[in-house]
Amino acid sequence: MSYAVTLIPGDGIGPELADAALTVLSATGVEFEWERQDAGEAQLERHGTPLPPAVLDSIRRNRVALKGPITTPVGEGFRSVNVTLRQELDLYANVRPAHTIRGIPSRYEDVDLIIVRENTEDLYAGVEHRVGPDAAESIKIITRAASERIARYAFDYAVANGRRKVTAVHKANIMKLSDGLFLESCRTIAADYEGRIEFEDRIVDNMCMQLVQKPELYDVLVLPNLYGDIVSDLAAGLVGGLGVAPGANIGTEAAVFEPVHGSAPKYAGQDVANPTALILSAALMLRHLGEQAAAEGVERAVREVYADGRTVPRDIGGSAGTRDFAAAVADRVAGVPVSR
Ligand code: NAD
C-alpha cells in the first residue's frame, strides 16, 4: 500500500533537509504519495497569507504531514505559521524525544528524555496588545481541559512506551492561577495512574538546573507551551544539539512530524545543515503509520552511521554535507555493507 502524506519542505534549510529525508524514506521500501505544499513568507507574497488554506486542507485530508522549518519574522510581521498550524489542526501534543546517540559527542551519557509540550495555548495563544506607546501585554491562557488532555497524553505515552515516571514542570509558585491550574490538572490525571507511573513536579528554573546536572534522573516531562519550547532546546543540547532533535505534533485528527530546530537561514542552500532531526522525525512518522520495522531500520541506520564516524555532519564535528549524510543513512537502511 501507499501512504498519501503532505510534505511541507519549509524554507531556509528546510527544502534540502526534506530532500534528504525523502532519500532515506525511499530506501525503506515503504511507498508514499507525497502531496507537496508550501507555506511561509513566499506564500504571503503570492497568496496574501503565509498559510494558504490548501495547506491545511491537504493535512486534514491526509491526516499526516512531514514538515521542514518555516521562518517567522522576529518582533514584527506575520504570526508564526508553525504555531498557527498546530492551533488550527489542534495538534495538542508536541512530543520531542532526546536520546543519547553513540558517536555524537556530548557532555552527557545515557540521556533518555521525552518532552511532552502542550501545543495550543499558554503565551502562544497570540493574545497580546500594546498599552500605549511604552507598554505591551501578552496574555497567558491556561485551561483545565487542555492541561488535563496533555497530562493524560504524557501518562498514556509513559504506559504505552514502558516509561516509569512523569514530571510536571511549572512556575506555580509565582503564577499561582495559570501554572497553578496546570499543576492541579496534572495531579488530577496522575491519580488515575497511581501505582503504575510515578509522578512528581518541578519548578521550571530548578528543572533546567537539574537537567544540566543530572538528566539521567528524568524520564517523561510534561510542560505548558512556553516552558516546553525552551526545555526541548535544552534537552536537544544534552544529546548533541538541534541538528539531531526530532519532533511530532499529535492531534486527534492529524499529526505533523517536524524537527525541533528552525530554518537556520545562515546555512540555507549550502549542503551543510544536518538532516538527522528531520530523518528521525520521519522515523517517528513511520511509527505513527504502523511501519515499525521501517522506523527501526531508519533509527538503526542513523545510529550506525554515527557509530561508524566517517560520514558525520559539521555541527557534530565532521565534514559530511547534507546529501552525503542522507546517502550514507539510506545505504544502511537498504542494507548496503560498509566499505572501508
Ligand atoms: P534555529 O533552530 O534555526 O537555529 C539555532 C542554531 O542551531 C543556529 O546556530 C543554527 O544554525 C543551528 N541549527 C539549527 N538546525 C540545524 C541543523 N539542522 N544543522 C545544523 N545546525 C542547525 O533557531 P533560530 O535561529 O532561533 O530561528 C531561525 C528561524 O527559524 C526563525 O525564523 C524562527 O522563528 C524559526 N523557527 C521555526 C521553527 C519551526 O519551523 N518549527 C522552530 C524554531 C524556529
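Colleague: Why is α9 called roughly antiparallel to α10?
Modeller: The axes of α9 and helix α10 (residues 292-308) come within 7 Å and cross at roughly 155°. Angles run from 0 to 180 degrees between N-to-C directions, with axes fitted to C-alpha atoms over the stretch in contact. Over 145 counts as roughly antiparallel, under 35 as roughly parallel, 65 to 115 as roughly perpendicular and the rest as oblique, so α9 is roughly antiparallel to α10. Mind you, this is a predicted model, where local features need pLDDT of at least 70, side-chain atom pairs need 80 or more, and totals for chains, interfaces and linings use all residues. Residues are numbered from 1 along each chain as its sequence is written, and side-chain values use heavy atoms, without hydrogens or water.

Colleague: Which hand does the crossing of α9 and α10 have?
Modeller: Left-handed: the near helix is turned anticlockwise from the far one by less than a right angle, while clockwise would be right-handed.

Colleague: What makes α1 oblique to α9?
Modeller: Helix α1 (residues 14-28) and helix α9 (residues 276-288) have axes that come within 9 Å and cross at roughly 45°. That angle makes α1 oblique to α9, and α1 passes α9 in a right-handed crossing.

Colleague: Why are α1 and α11 called roughly parallel?
Modeller: α1 packs against helix α11 (residues 322-333) at about 15°, with the axes 8 Å apart. The pair is therefore roughly parallel, and α1 passes α11 in a right-handed crossing.

Colleague: Over to the ligand: which residues come nearest?
Modeller: Ile 70, Thr 72, Gly 262, Ala 264 and Asn 274, out of 21 around the ligand (a heavy atom within 4 Å counts as near).

Colleague: What makes the ligand's pair with Ile 70 a polar contact?
Modeller: A ligand oxygen is 2.9 Å from a polar backbone atom of Ile 70, and a polar contact is a pair of N or O atoms within 3.5 Å. Another case is Ala 264, where a polar backbone atom is 2.9 Å from a ligand oxygen. At Asn 274, a nitrogen of the ligand is 2.9 Å from a polar backbone atom. The protein covers 70% of the 810 Å² of accessible area that the ligand has on its own (Shrake-Rupley, 1.4 Å probe).

Definitions and conventions: A polar contact is a pair of N or O atoms within 3.5 Å; within protein, one must be able to donate a hydrogen and the other to accept it, and residues adjacent in sequence count only if both atoms are side-chain atoms. Helices (H or I, at least four residues) and strands (E, at least two) are DSSP runs, numbered from the N terminus.
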